[in-house]
Amino acid sequence: MSHEHEHGEEHPHVHRYPPRPDQDDTLTYYRAMEAAVRELLIDKGIVTAEDIRRQVEAMDGRDAGRGALMVARAWVDQAYRKRMLADGSAAAEEIGLDVGPLKLVVVENTPSVHNVIVCTLCSCYPRMLLGLPPDWYKSRSYRSRVVREPRAVLAEFGTVIPDDVQIRVHDSTADMRYLVAPMRPEGTESWSEAELARLVTRDSMIGVALADRAAR
Amino acid sequence: MDDAVAPRFHIGDRVIVREAYPLGHVRTPYYIRGKRGVIERLCGVFSNPEELAYARPGTPAQPLYRVRFLQHDVWPDYAGPPADVVEVEIYQHWLEPEERAP
């Protein structure tokens with residue numbers, strides 16, 4: 001920009017941007033409550049600071065690769081697929097994925113049905129299988145719009161669903177958590193289960209994208 | 001659960017969501033109140049979150065259903081095809097049988 005050079009080239013380029021405020025210095029009501037409850041639990045010997053750190057680390061460490069294992073298994077094993085659709089929690093445990101008390105419902109995309117998940121009330125999400133939700137999943141925009149105009153929202157993600165395919169929006173308002181099983185891409189008949197799992201992305205299990213050979 | 005309300009709806013039953021606006025912690029979204037749908041499945045029986053939220057026991061436990069609604073019934077100006085649906089989990093005490101046409 002020319003104005004930076006108005007005082008001549010010998011002038012050092014010192015860009016003095018206004019200082020940005022820290023994002024972590026606001027002690028809101030809920031932050032104070034969290035700190036108070038956490039400190040009380042530690043003081044009373046119910047949990048240790050180490051327990052909390054480990055749990056946060058474990059939560060941060062989970063990713064969508066867990067859900068992808070389930071979907072890839074269902075793609076290669078019809079009997080597993082049926083069990084997964086009948087009882088998602090049991091099917092997760094069957095392949096060694098701990099979902100805790102989570103009640104998992106797996107909804108399957110087909111040539112005539114496309115599923116997408118949302119939590120309009122808050123941000124319920126199958127964290128045990130997908131890790132932490134993306135920021136947009138928690139945004140008011142996604143939560144309010146995807147129930148009202150799902151096709152427009154999906155198109156903004158680059159996912160255009162033909163009009164002869166039914167869209168089912170799943171609003172996780174209570175005790176269930178949902179996972180979308182995307183369709184297996186064509187041309188993957190000879191692929192191994194591990195190769196297939198790499199096609200099953202987070203977004204395809206939320207339902208805002210399709211599983212795609214290009215994902216590999 | 002020992003203290004639970006018996007399920008009163010079956011898969012395929014037509015229901016209407018109560019149009020009520022109580023204060024407090026409620027899991028029935030505003031946009032679905034007063035709308036007509038069909039029972040898709042019984043999810044199970046769960047402690048009532050409207051009570052749990054205030055540190056009360058949540059009994060009697062309530063049956064929880066997934067209810068399927070046609071988008072065109074939920075949003076009169078819905079822009080997509082007629083088959084599109086939204087499915088919402090709703091506790092039994094928010095549901096009434098849809099009245100049959102006379």
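Which residue of β4(B) does Val169(A) stand opposite? Hold that thought, everyone, and good morning. One thing before we look: this is a predicted model.

So, to the answer. Val169(A) stands opposite Val86(B), which sits in β4(B). The setting for that pair is a strand pairing across the two chains: strand β3 of chain A, residues 166-171, and β4(B) run in the parallel sense over 4 bridges.

Now let's step back to the whole contact between the chains. Here 19 residues of chain A are in contact with 20 residues of chain B. On the chain B side, two strands, β2 (36-46) and β4 (85-91), each supply at least two of the touching residues. It is β4(B) that gives the largest share, with 6 residues. If you like to think in residue classes, that side of chain B divides into 14 nonpolar, 2 polar and 4 charged residues.

Let me finish inside chain A, with a pair of helices. Helix α3 covers residues 65-76 and helix α4 covers residues 78-86, and the two pack at an angle of about 130 degrees with their axes 5 Å apart. Angles over 145 degrees would count as roughly antiparallel and 65 to 115 as roughly perpendicular, so α3(A) is oblique to α4(A). The crossing of α3(A) past α4(A) is left-handed.

Which residues meet there? From α3(A) we have Met70(A), Arg73(A) and Ala74(A), and from α4(A) come Tyr80(A), Arg81(A) and Met84(A). By class, this helix contact has 4 nonpolar and 2 charged residues, with no polar ones.

Thanks for listening, and do have a look at the structure.

Terms used. Residues are numbered from 1 along each chain as its sequence is written. Chains are lettered from A and ligands numbered from 1 in the order in which they are written. This is a predicted model: local features need pLDDT of at least 70, side-chain atom pairs count only at pLDDT 80 or more; totals for chains, interfaces and linings use all residues. Axes are lines fitted to C-alpha atoms, for helices over the stretch in contact, and angles run from 0 to 180 degrees between N-to-C directions. Angles under 35 degrees count as roughly parallel, over 145 as roughly antiparallel, 65 to 115 as roughly perpendicular and the rest as oblique. A crossing is left-handed if the near helix is turned anticlockwise from the far one by less than a right angle, and right-handed if clockwise. Two residues are in contact if their C-beta atoms, placed from the backbone, lie within 7 Å. Ala, Val, Leu, Ile, Met, Phe, Trp, Tyr, Cys and Pro count as nonpolar, Asp, Glu, Lys and Arg as charged, and the others, Gly among them, as polar. Two strands pair if DSSP finds at least two bridges between them.
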